[in-house]
Amino acid sequence: MISHDQKGGGKIGYQLPPARAIAIAQAQKERLAYIDFRICFLGTIGRNDLVTRFGIKGAAATRDMALYRELAPTNLRYDTKAKIYERSELFMPLYNASSNQVLAALAYGFGDDFVGTSRPLISCEIPTQLNRPPLSMLSVLTRAIHQGKAVKIDYRSHSSGKTTREIVPFALVDNGLRWHIRSYDRKQSKFSDFVITRISNPMIIDSIIEDHETRESDIQWNRILELVLVPHPNLRHPKTAEVDYAMKNGVLNINLRAAVAGYVLRRWNVDCSENHSLKGPEYHLWLQNRPALYGVENLVIAPGYEEAGSK
């Protein structure tokens, strides 16, 4: 987890093989990507799937299938009885996508459009989201980020209650439980994370943005940590953790922003104590290079770090 501007998300990325690149309209590229996606993850596709998904005529769907077969002749075989195409044993995907993109498409539906009711492509249970920011309020913050503007907000915190502030936002941050907005806080004269659902009455203001208020001046945001995670020494079967986290030689190396380190370590219950002293079935990982966290500001939520630092 670095940030959403650095990891895959949203629409499946489509890229034709260089040797077969031809002039294709964007709308048809999206339909070709849909064909490829369904064949890869659902195993079948028919002409009516394209007609229903994209609202095109049957003849256009036939042309799309013909073009896909031209681009990837070994990917499909045709079932004459069912009148659908099936995945062949020689299938090789044409598009590039991260696992996050694919899982989101399976869970919420494929594509970017907001018309109609989206539905999962297979049975999928998604964790309940307890806090959802109102879109009318969220749109003010995202416009400010995109346009490089400051925002006046009312904000509630557990320590200060309700206050009025001016912030200069520059990024959205998902910590796994709730969404934050990374901003320069003019009231506190420092960069902070603001929980979006605690913001009310946001208003974009005309104000000069000083150099020290921009993302380039946020040291915690721009500092990239290299963390080394290993199976927790208390595990009876450490190989399970190695497989679970796709470790190489028993080690998982991750790079992430210092600004989000505490969130990631807490979300994955990484034992950050110096001598892997935390007990419990939830601790599958131990941070092997704890000194890498030196100078990180949000470690109060990192499991075991405060305990180790107080010794």
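The following questions and answers introduce a predicted model of a protein chain.

Local features need pLDDT of at least 70, side-chain atom pairs count only at pLDDT 80 or more, and totals for chains, interfaces and linings use all residues. Residues are numbered from 1 along each chain as its sequence is written, and side-chain values use heavy atoms, with hydrogens and water left out.

User: How many helices and strands does the protein chain have?

Analyst: Helices (H or I, at least four residues) and strands (E, at least two) are DSSP runs, numbered from the N terminus. By this assignment, the protein chain has 14 strands and nine helices.

User: What percentage of the residues in the protein chain is buried?

Analyst: Buried means under 20% relative accessible area, exposed over 50%, and partly exposed in between (1.4 Å probe, protein chains only). Of the 311 residues in the protein chain, the buried share is 41%.

User: Is Thr163 buried or exposed?

Analyst: Thr163 is found in strand E7, which covers residues 161-174. Its relative accessibility is 15%, so Thr163 counts as buried.

User: Which side chain makes a polar contact with the side chain of Thr163?

Analyst: A polar contact is a pair of N or O atoms within 3.5 Å; within protein, one must be able to donate a hydrogen and the other to accept it, and residues adjacent in sequence count only if both atoms are side-chain atoms. At 2.9 Å, the partner of the Thr163 side chain is that of Arg165.

User: Which residues have the most contacts inside the largest nonpolar core?

Analyst: A nonpolar core is a set of buried Ala, Val, Leu, Ile, Met, Phe, Trp, Tyr and Cys residues joined through side-chain atoms within 4.5 Å. The largest has 34 residues, and the elements giving two or more residues to it are E7, strand E11 (224-231), strand E12 (252-257), helix H8 (261-267) and strand E14 (285-287). Those with the most contacts inside this core are Leu225, Leu227, Leu265, Cys272 and Leu293.

User: Why is one side of strand E2 and of strand E3 left without a neighbour in the sheet?

Analyst: Two strands pair if DSSP finds at least two bridges between them. Three strands form an open, antiparallel sheet in the order E2-E4-E3. Strand E2 (44-45) and strand E3 (76-79) each have one side without a neighbour because they stand at the edges, each with a single partner strand.

User: Which helix packs on the sheet, touching E2, E3 and E4?

Analyst: The helix spans residues 58-71, and its direction makes about 135° with that of E3. Such angles run from 0 to 180 degrees between N-to-C directions, with axes fitted to C-alpha atoms, for helices over the stretch in contact (heavy atoms within 4.5 Å). The helix is H3.
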